Amino acid sequence: MNLGEIIQVEGNWYQVYRSIKEPKPLPNEMVLEFRELYGCTHTFRSDSKLFLCKEVPAVEFEEILK
């Protein structure tokens, strides 16, 4: 995953803002501090990395036909 990449997790979309290498999982308190520092809404772990992400809001629209 690249920074700024949009990913889909369980049907929701997220933009990756930061990734941190985790040889061993960081304590939850530290993860929450990182999330607050970067203004992110969600964190995910994969392949010994912690990803700090913001949720991309769903857009509701109505198609208008002429």
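# A walk around one salt bridge

The structure holds 1 salt bridge, and that is where our tour begins. Keep in mind as you click around that this is a predicted model.

**Stop 1: the salt bridge**

Select Glu22 and Arg45 and show their side chains. These two residues form a salt bridge, and the closest N and O atoms are 2.9 Å apart. Glu22 sits in the loop between β2 and α1, while Arg45 belongs to strand β3 (residues 42-46), so the pair ties together parts that are 23 residues apart in sequence. As background, side chains of opposite charge can pair when their charged atoms come close.

Is Glu22 buried or exposed? With a relative accessibility of 5%, Glu22 counts as buried, because the limit for that word is under 20%. Arg45 is another story: its relative accessibility is 43%, so it counts as partly exposed.

**Stop 2: what surrounds Glu22**

Stay on Glu22 and display its neighbours. Leaving out residues up to four places away in sequence, Glu22 touches Arg45, Ser48, Lys49 and Leu50. Now add Leu26 to the selection. Which atom of Leu26 lies 2.9 Å from a polar atom of the Glu22 side chain? Look for the backbone nitrogen of Leu26.

**Stop 3: along the loop**

Colour the loop between β2 (12-21) and α1 (28-37), where you have just found Glu22. Leu26 is in this loop too. Show what Leu26 touches, again not counting residues up to four places away in sequence: Val31, Phe34, Arg45 and Leu50. Notice that Arg45 and Leu50 turn up here, just as they did around Glu22. If you have a distance tool handy, try Leu26 and Cys53: they are 27 residues apart in sequence and 16 Å apart in space, C-alpha to C-alpha.

Next, pick Pro23, which also belongs to the loop between β2 and α1. Is Pro23 buried or exposed? Its relative accessibility is 84%, so Pro23 counts as exposed. That makes a nice contrast with Glu22, which is buried at 5%. For one more distance, Pro23 and Phe44 are 21 residues apart in sequence and 15 Å apart from C-alpha to C-alpha.

**Stop 4: the helix**

Follow the chain into α1 and colour it by burial. How many of the 10 residues of α1 are buried? The number is 1, so this helix lies largely in the open. While the helix is on screen, here is a handy rule: an α-helix has 3.6 residues a turn, so residues three or four places apart point the same way. Just after α1, select Gly39 and check its backbone angles: its phi is positive, about 65 degrees.

**Stop 5: the strands**

Switch to a cartoon view and work through the pairings.

- Strand β1 (residues 6-9) and β2 pair in the antiparallel sense over 4 bridges. Val9 has Asn12 in β2 as its bridge partner. The hairpin of β1 and β2 has 2 residues between the strands, and Glu10 there takes a positive phi near 50 degrees.
- β2 and β4 are antiparallel partners as well, over 7 bridges. To see an example, select Arg18, which stands opposite Leu52 in β4.
- β3 and β4 pair in the antiparallel sense over 5 bridges. Here Ser46 stands opposite Lys49 in β4.

With side chains switched on, one general pattern helps: in a regular strand the side chains alternate between the two faces of the sheet.

**Stop 6: the turn between β3 and β4**

Zoom in on the hairpin of β3 and β4, which has 2 residues between the strands. Start with Asp47, found in the loop between them. Asp47 has a positive phi of about 50 degrees although it is not a glycine, and at 71% relative accessibility it counts as exposed.

Then select Ser48, which lies in the loop between β3 and β4. Its phi is near 60 degrees, again a positive value in a residue other than glycine. With a relative accessible area of 48%, Ser48 is partly exposed. You have met Ser48 before, as one of the residues that Glu22 touches.

**Stop 7: a patch on the surface**

Finish with a surface view. Select Ile6, Trp13 and Val56, which make a nonpolar surface patch of about 260 Å². Where is Val56? Look in the segment after β4 (49-55). Val56 has a relative accessible area of 32%, so it is partly exposed.

Note on methods:
Residues numbered from 1 in each chain as written. Predicted model: local features only at pLDDT ≥ 70, side-chain atom pairs only at ≥ 80, totals over all residues. Heavy atoms only, no water. Buried < 20%, exposed > 50% of the residue type's maximum accessible area, 1.4 Å probe, protein only. Polar contact = N/O pair within 3.5 Å; in protein donor to acceptor, adjacent residues only side chain to side chain. Contact = heavy atoms within 4.5 Å. Patch = residues over 30% accessible without salt bridge, like charges linked within 9 Å, V, L, I, M, F, W, Y side chains within 5 Å. Areas by Shrake-Rupley, 256 points an atom, 1.4 Å probe, with all protein chains shown as cover. Salt bridge = Lys/Arg side-chain N within 4 Å of Asp/Glu carboxyl O. Pairing = 2+ DSSP bridges.
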